[in-house]
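Dear colleague,

I am handing over a structure that you have not worked with before, and I would be glad if you could look through it. My notes on what was found follow below it.

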Protein chains: 2
Amino acid sequence: MRRFNRAVTVEVGALDSSFLGRGRPLGAARVLTAIGPEGRDVAAIRETLKLDSGLMSRLLRGLEAEGLLTVARDPDDGRRRIARLTPAGAAEVAQYDALSNDRAARLLAAHPRPEALLAAMDLIATALGRDRIEITHIDPEAPAARHCLQNYYAELAQRFETGFDPATSLDPEAAALRPPLGRFLVAMSDGLPVGAVALKGNGTETGELKRLWVAPAARGLGLARRLMAEAQAAARELGMTRLRLDTNRALTEAIALYRRDGWTEIPAFNTEPYAHHWFEKSL
Amino acid sequence: MRRFNRAVTVEVGALDSSFLGRGRPLGAARVLTAIGPEGRDVAAIRETLKLDSGLMSRLLRGLEAEGLLTVARDPDDGRRRIARLTPAGAAEVAQYDALSNDRAARLLAAHPRPEALLAAMDLIATALGRDRIEITHIDPEAPAARHCLQNYYAELAQRFETGFDPATSLDPEAAALRPPLGRFLVAMSDGLPVGAVALKGNGTETGELKRLWVAPAARGLGLARRLMAEAQAAARELGMTRLRLDTNRALTEAIALYRRDGWTEIPAFNTEPYAHHWFEKSL
DNA sequence: CATGGTACCTGACTAAAGTCAGATAATCCG
DNA sequence: CGGATTATCTGACTTTAGTCAGGTACCATG
């Protein structure tokens, strides 16, 4: 553990000094790379970098003078300001990205088992960021949602004895998973989706939960339970009084979770070909 | 990968600010913890922390004024100076260690699979520190040597179809593995032994290699080959002209390595009960 | 429309980190 | 021995990071 700390500190330090090689103090470089291609709220940048407003303001002024960004007032709220990269600024950010990608690529290329290395990093990033996992509502067709569903399907294909083909399963319409009918919830860890659940509604007081998934690196952190709790809260908000779900007998942990969390098994309420158990819970 | 970087940077930053909580600037804290219980060469500290000599000198003076360390001249070389912790300094270091151990313990305790997390950290620490793996000669009864041998035996017990009991194997006397007869080589990565090989001598021109082991997290980095090369160089230094070794048929990678590196199979030259193959190489 | 709160800016400051050019004493090497 | 080299120290700097106390413009609310 201490060895890990040391190795990582050295690596972070080396990355920082390679950043310094571009002739700009680290604080300024961090602000620049925190803006993102779309531009970003000054307050949001300050929040993620934990900077004092005075310092932030000065750094922005410096970068503005270099011609790397522009700061404009937010049309929705005149107090807020939005920083946007100029083409020159975007080019600088690309240079910084290249520096860190190079290091990463070299590290991976030199390693005999790059997949193992990536899996290890994933595990550690999730472990370190576990208190920062946030559950948010997104559109069921957003990239993060697609990412979760793809991983979910891939895992089902592996775990079901019959395999899994999404085309033959009952696939809810996207409209049933977005307001005002339903919701799509994802758990995000540092910008990466690590879990999801879909709440399907049809305008009645009975909703349905579908597509509960947690990334392998984030399992055992109680994330599935948190997702379920958030989904139930969302269902209540939408005026639902009862939730149902179906599941496959291969998903034993999920079934155990449902039982523990007060779901009761009921007869089949749909014709889902992959389902063996059906559950219900009143809110 | 970027996510890993961010998570780790945040963690390192958090650890740093918890260090600041002890009312001493980070630079001074780093110097203090870099000294180690035995005292350390000022130049060596400067090297690992990459500090300017002026800065280093001032930090030492400050810590000395606090009564946390003493600086004395090196008896072997009057230009060099050796920093040693006073009891008060050792207590401070213990406090810093406690801070980082607490964080580590909390992280591990909160994780569902602490072993997996540790293995992942080990893998990453080794991957990041691979250019810093150093091969040194140590005493065959030093703690690092014991550590390697224990892991080596444990692995043999698992891989040999008959199991492995060191008591029934031909165990070289420690004297045959230390100068002037032989050598014991370990590969150290940031203070942790990650590989070893023993060179057994009996005063003649024929030596024997034994106990070649590489830690799982460090496999595939070509470390076994480096260890073999260093051992051969050490054998030449000791005036040997021929090396022999025996091995078990379960150790297929090792056998492949010997063949690739110019060893030739020969008839049994000893009665090692666990051996199936015997090799020889002239230097 | 006054009031309190928010987001940002500015100026004045401090602490920490790092740089640079000698100075000094010890060692190495021919 | 004498010149070159090395390890450390000292003093005089600069840069970066960060803090703090106002100040200005804007928003939300009764």
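Which element gives the largest share of the surface near DNA strand C? In this predicted model, that element is α4(A), from which five residues come.

The surroundings of DNA strand C hold 22 residues, and those that come nearest are A:Arg58, A:Arg61, A:Arg79, A:Arg81 and B:Gly78. Of the atoms of DNA strand C that come within 4 Å of the protein, 67% belong to sugar and phosphate.

Three arginines of chain A can be described in more detail. The side chain of A:Arg81 has an N or O atom 2.6 Å from a phosphate oxygen of DNA strand C, and a polar side-chain atom of A:Arg46 lies 3.3 Å from a phosphate oxygen of that strand. A:Arg79, for its part, places a polar side-chain atom 3.2 Å from a sugar or linking oxygen of DNA strand C. The elements that give two or more residues to the surface near this strand are, in chain A, α3 (42-49) and α4 (53-65), and, in chain B, α2 (26-35) and α4 (53-65).

As for chain A as a whole, it contains nine helices and 10 strands, and its C-alpha atoms fill a box of roughly 70 × 55 × 35 Å along the principal axes. Of its 283 residues, 45% count as buried, while the chain exposes about 14100 Å², of which carbon and sulfur atoms supply 53%. Chain A also carries 38 positive and 36 negative charges, whose mean positions are 5 Å apart.

With kind regards

Definitions and conventions
Residues numbered from 1 in each chain as written. Chains lettered and ligands numbered in written order. Predicted model: local features only at pLDDT ≥ 70, side-chain atom pairs only at ≥ 80, totals over all residues. Heavy atoms only, no water. Helix = DSSP H or I, 4+ residues; strand = E, 2+ residues; numbered from the N terminus. Buried < 20%, exposed > 50% of the residue type's maximum accessible area, 1.4 Å probe, protein only. Areas by Shrake-Rupley, 256 points an atom, 1.4 Å probe, with all protein chains shown as cover. Lys, Arg positive; Asp, Glu negative; His and termini not counted. Charge placed at Lys NZ, Arg CZ, Asp CG, Glu CD. Near = heavy atom within 4 Å. Polar contact = N/O pair within 3.5 Å; in protein donor to acceptor, adjacent residues only side chain to side chain.
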